[in-house]
Amino acid sequence: MSKFQKSQLAVDGNQIHMSMPFAKVDKENRLVSGWATLDNVDTQGDVVLAEASAKAFARARGNIREMHQPIAAGKIVDFREEQYFDEIDNKIYRGIFVTAYVSEGAEATWKKCLDGTLTGFSIGGEINQASNEFSKEAGRSVRLIEDYDLTELSLVD
């Protein structure tokens with residue numbers, strides 16, 4: 001597994017976008033794997049709960065895109081809720097670890113995965129339910145995203 005990097009999360013109204021780096025690239029089978037989500041507090045004070053992500057991924061169609069563009073680049077072949085122990089924070093995070101197949105019809109996308117241009121996953125979705133809670137760790141109130149619809153999983157730079 002690659003070194004853990006906290007997610008980058010942006011929320012605009014009910015829209016959510018989160019980016020995570022790849023953990024593995026399988027050249028022979030055209031597969032990329034990595035965290036799609038983790039439940040860490042982002043700089044805006046938001047947390048996407050692992051349970052919300054598991055439900056969102058289960059309801060999603062499974063297509064992947066490149067850079068949030070409306071062109072299919074492949075399919076999710078596996079996703080599972082997992083835990084990650086961050087040695088720096090001495091904390092366990094939970095989220096969705098995903099493996100995606102990059103289509104032979106998306107050769108340019110695959111080449112970008114191989115040469116390091118595309119380096120991670122990013123989700124896009126619509127928030128259905130959220131609440132606020134004080135976090136001792138963050139020292140402030142955080143918004144917990146409890147339910148959302150996954151509208152896309154993209155390969156991003």
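Q: A salt bridge is a side-chain nitrogen of Lys or Arg within 4 Å of a carboxyl oxygen of Asp or Glu. What makes Asp149 and Arg59 a salt bridge in this predicted model?
A: The closest N and O atoms of Asp149 and Arg59 are 3.2 Å apart, and the cut-off is 4 Å. The pair therefore qualifies as a salt bridge. Asp149 lies in strand 9 and Arg59 in helix 1, so the contact ties together parts that are 90 residues apart in sequence.

Q: Why is the pair of Asp147 and Arg59 also called a salt bridge?
A: The N to O distance between these side chains is 3.3 Å, which falls within 4 Å. Here too strand 9 is tied to helix 1, because Asp147 lies in the former and Arg59 in the latter, 88 residues apart in sequence. A search of the whole structure finds 10 salt bridges.

Q: Why does Asp147 count as buried, partly exposed or exposed?
A: Its relative accessibility is 18%, and buried means under 20%. Asp147 is therefore buried.

Q: What makes Asp149 and Arg59 partly exposed?
A: Partly exposed residues lie between the 20% and 50% limits. Asp149 has 33% relative accessibility and Arg59 has a relative accessible area of 45%, so each is partly exposed.

Q: How do you know that Glu81 and Arg94 form a salt bridge, and where do they lie?
A: Their side chains meet at 2.4 Å, N to O, within the limit of 4 Å. Glu81 is in strand 6 and Arg94 in strand 7, 13 residues apart. Salt bridges that share partners join Glu51, Glu81 and Arg94 into one network. Glu81, at 36% relative accessibility, counts as partly exposed, as does Arg94, at 24%.

Q: Why are strand 2 and strand 8 called paired?
A: Pairing needs at least two bridges. Strand 2 (residues 15-26) and strand 8 (residues 120-135) are joined by 7 bridges and run antiparallel, so they are paired. Pro21, for instance, has Gly120 in strand 8 as its bridge partner.

Q: What makes strand 2 and strand 3 a pair, and what lies between them?
A: They share 4 bridges in the antiparallel sense, where at least two are required, so they are a pair. Ser33 in strand 3 is the bridge partner of Lys24. The two strands form a hairpin with 4 residues between them, and Arg30 in the turn has a positive phi of about 60°.

Q: Which residues have the most contacts inside the largest nonpolar core?
A: This core has 35 residues, and those with the most contacts inside it are Val32, Phe57, Tyr148, Leu153 and Leu155. Its largest share, 6 residues, comes from strand 7. Tyr148 touches, among others, Val48, Ala52, Phe57, Arg59 and Ile123. Nonpolar side chains tend to be buried together in soluble globular proteins.

Q: How do you know which parts of the model deserve caution?
A: The mean pLDDT of the chain is 90, and 94% of its residues reach 70 or more. Confidence is lowest in strand 1 (residues 8-12), at a mean of 69, and highest in helix 1 (residues 50-59), at 98. Over residues 1-6, pLDDT stays under 50. Where pLDDT is low, the predicted coordinates should not be read in detail.

Key. Residues numbered from 1 in each chain as written. Predicted model: local features only at pLDDT ≥ 70, side-chain atom pairs only at ≥ 80, totals over all residues. Heavy atoms only, no water. pLDDT = per-residue confidence, 0-100. Contact = heavy atoms within 4.5 Å. Core = buried A, V, L, I, M, F, W, Y, C linked by side-chain atoms within 4.5 Å. Buried < 20%, exposed > 50% of the residue type's maximum accessible area, 1.4 Å probe, protein only. Lists of a residue's contacts leave out its neighbours within four places in sequence.
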